[in-house]
Amino acid sequence: MKAGTSYTITRRTANLARYLARERFDVVHVHAVSLFGLDAHLATALARVPLIVTHHSTLEWWRPFWTLQSDVILQMEKWRTTFAVCPYQKAADELRDYGMRSERLVVIPFCADEMRFSGSITLPKPGEPFRLIIPARLVADKGYAQLLEAMAKVRSQLPHVRLTIVGTGPAQA
């Protein structure tokens, strides 16, 4: 790690720790093994704030991108994380095998169980609309502009697809 990078991480971590302590956050949530994860692990430890980490894939998938920082962050996660949330059991099993305590691992599937919904969804007839809905908080950071651009491309190929966005927030039209 370069000296400038170490200084930047130290400064960001100190600023984040002060902010967390001053604002008295109940919990901090980060996504796993990114460089910012290092800041969050250190800052939440300093501020004594619970930390929840979400893993979106297995460690095996991440191995080609692995760095020394990844090792450090994962070690800190085993020591400091209140809960590690995984999208499927294999990711949780990998973390357990790596030394994460079982009581800290939570599996929350991010995909629908197709068998559970088998036969309950009826596809539209040709020419009828296919409707999608997104109920969410309306803030610019969620990428609604990109979603609308993507929908324009989808609709150029599938003109019967309809999207409804429902919610409130600063990006509300």
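1. Helices and strands here are DSSP runs numbered from the N terminus, with at least four residues for a helix (H or I) and at least two for a strand (E). By that rule valine 28 belongs to strand β1. The model is a predicted one, and the points below should be read with that in mind.

2. Overall layout. The protein has six helices and six strands. Along the sequence they come in the pattern α-β-α-β-α-α-β-α-β-β-α-β. Of the 173 residues in the protein, 29% are buried. Among contacts with a separation of 6 or more, 57% join residues that are 24 or more positions apart.

3. The largest nonpolar core. Eleven residues form it: Leu16, Ala17, Leu20, Val28, Val30, Ala40, Ala43, Ala47, Val49, Leu51 and Val53. At least two of these residues come from each of α1 (3-23), β1 (28-31), α2 (35-47) and β2 (51-54). Another core, of ten residues, lies apart from this one, and Trp66, Leu74, Leu95 and Met100 are among its members. As a general point, nonpolar side chains in soluble globular proteins tend to be buried together.

4. Valine 28. This residue of the largest core has a relative accessible area of 14% and is therefore buried, the cut-off being under 20%. Beyond its neighbours within four places in sequence, valine 28 is in contact with Leu20, Thr44, Val49, Pro50, Leu51 and Ile52. Its C-alpha atom is 7.5 Å from that of threonine 44, at a distance of 16 residues along the chain.

5. Helix α1. Two of its residues are worth a look: threonine 13 and arginine 18. Threonine 13 is buried, with a relative accessible area of 5%. Leaving out residues up to four places away in sequence, threonine 13 touches Asp39, Leu42, Ala43 and Leu46. Arginine 18, at 49% relative accessibility, counts as partly exposed, because exposed requires over 50%. The C-alpha atoms of arginine 18 and threonine 44 are 9.8 Å apart, with their positions 26 residues apart along the chain.

6. Isoleucine 52. This residue sits in strand β2 and is partly exposed at a relative accessible area of 23%. Apart from neighbours within four places in sequence, isoleucine 52 contacts Val27, Val28, His29, Val30, Phe83 and Val85. To valine 85 the C-alpha distance is 7.3 Å, across 33 residues of sequence.

7. Arginine 48. The loop between α2 and β2 holds this residue. Its phi is positive, about 55°, although arginine 48 is not a glycine. Most residues other than glycine have a negative phi, and a reader checking the backbone may want to look here. Arginine 48 is exposed, with 73% relative accessible area.

8. Helix α4. This helix covers residues 68-80; its 13 residues should span 18 Å at 1.5 Å a residue, and the C-alpha atoms at its ends are indeed 18 Å apart. Its buried residues are Ser70, Ile73, Leu74, Met76, Glu77 and Arg80. Viewed down the axis of α4, the buried residues fall within an arc of 160°, so they line one face of the helix. Leu68 and Trp79 are exposed, on the face of α4 turned away from the buried side. In general, an α-helix has 3.6 residues a turn, so residues three or four places apart point the same way.

9. Helix α5. Ala91, Ala92, Glu94 and Leu95 are buried in this helix, which runs over residues 89-98. They too fall within an arc of 160° when seen down the axis of α5, so they line one face of the helix. The elements covering these buried residues include α3 (59-62), α4, β3 (83-86) and β4 (105-107). Glycine 99 follows α5 and has a positive phi, near 120°.

10. Aromatic rings. There are zero aromatic pairs in the structure. Tryptophan 66 does have a charge over its ring: the charged end of arginine 63 sits there, 4.3 Å from the ring centre. Trp66 is also one of the residues of the ten-residue core.

Notes
Residues are numbered from 1 along each chain as its sequence is written. This is a predicted model: local features need pLDDT of at least 70, side-chain atom pairs count only at pLDDT 80 or more; totals for chains, interfaces and linings use all residues. Side-chain values use heavy atoms; hydrogens and water are left out. A nonpolar core is a set of buried Ala, Val, Leu, Ile, Met, Phe, Trp, Tyr and Cys residues joined through side-chain atoms within 4.5 Å. Buried means under 20% relative accessible area, exposed over 50%, partly exposed in between (1.4 Å probe, protein chains only). The expected span of a helix is 1.5 Å times one less than its number of residues. The arc is that of the directions from the helix axis to the C-beta atoms. Rings of Phe, Tyr and Trp (its six-membered ring) pair if their centres lie within 6.5 Å; planes under 30 degrees apart count as stacked, over 60 as edge-to-face and the rest as tilted. A charge sits over a ring if NZ of Lys or CZ of Arg is within 6 Å of the ring centre and within 35 degrees of the ring normal. Contact means heavy atoms within 4.5 Å.
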